[in-house]
Amino acid sequence: MSTPIRHSTSKGPALPSLELQQATTRLNRRIVLVAAVVMAELWTLTAAFESWAVGETSKMGWILGFQLVCFLLALSICWGAGAPARVKTYPATHRFGSPQPAAGD
């Protein structure tokens, strides 16, 4: 004997809000940017070790300067990640669908 198929009456999982989607997009963008900067730093570090091993120390100033710039760039990108997402908030007295007070009240 087969069991009848029951259909759910719920609407299913709620879709994330636009603000949450935008915050997620900003976070993903920061992660990709920091990953690219870290890859550049690792590549530069490899070049620094190679030039040091060969004895070409004249390039070390430029390489270390680039390392510092990359580090400060990654730090500035990460620093902005701690900022809270700007989400619209409404006063506790405001309810959607309720009548708004008149201008003179």
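How much area does the protein expose, and what share of it do carbon and sulfur atoms supply? A few notes on that and the rest.

1. The exposed area comes to about 9,500 Å², and 68% of it is supplied by carbon and sulfur atoms. Accessible areas here are Shrake-Rupley values with a 1.4 Å probe, and for residues only the protein chains shown count as cover.

2. Before going further: this is a predicted model, with pLDDT of at least 70 needed for local features and 80 or more for side-chain atom pairs, while totals for chains, interfaces and linings use all residues. Numbering runs from 1 along each chain as its sequence is written, and side-chain values use heavy atoms, leaving out hydrogens and water.

3. On secondary structure, you get 2 helices and 0 strands. Both are DSSP runs numbered from the N terminus: H or I with at least four residues for helices, E with at least two for strands.

4. Of the 105 residues, 11% count as buried, meaning under 20% relative accessible area (exposed is over 50%, partly exposed in between; 1.4 Å probe, protein chains only).

5. Gln67 sits in helix α2, which spans residues 60–81. Gln67 is buried at 16% relative accessible area. Leaving aside residues up to four places away in sequence, Gln67 touches Glu41, Thr44 and Leu45; contact means heavy atoms within 4.5 Å.

6. Among contacts with a separation of 6 or more, 60% come from residues 24 or more positions apart.

7. Cysteines: Cys70 is buried at 7% relative accessible area, while Cys78 is partly exposed at 44%. Searching the whole structure turns up 0 disulfides, a disulfide being a pair of cysteine sulfur atoms within 2.5 Å.
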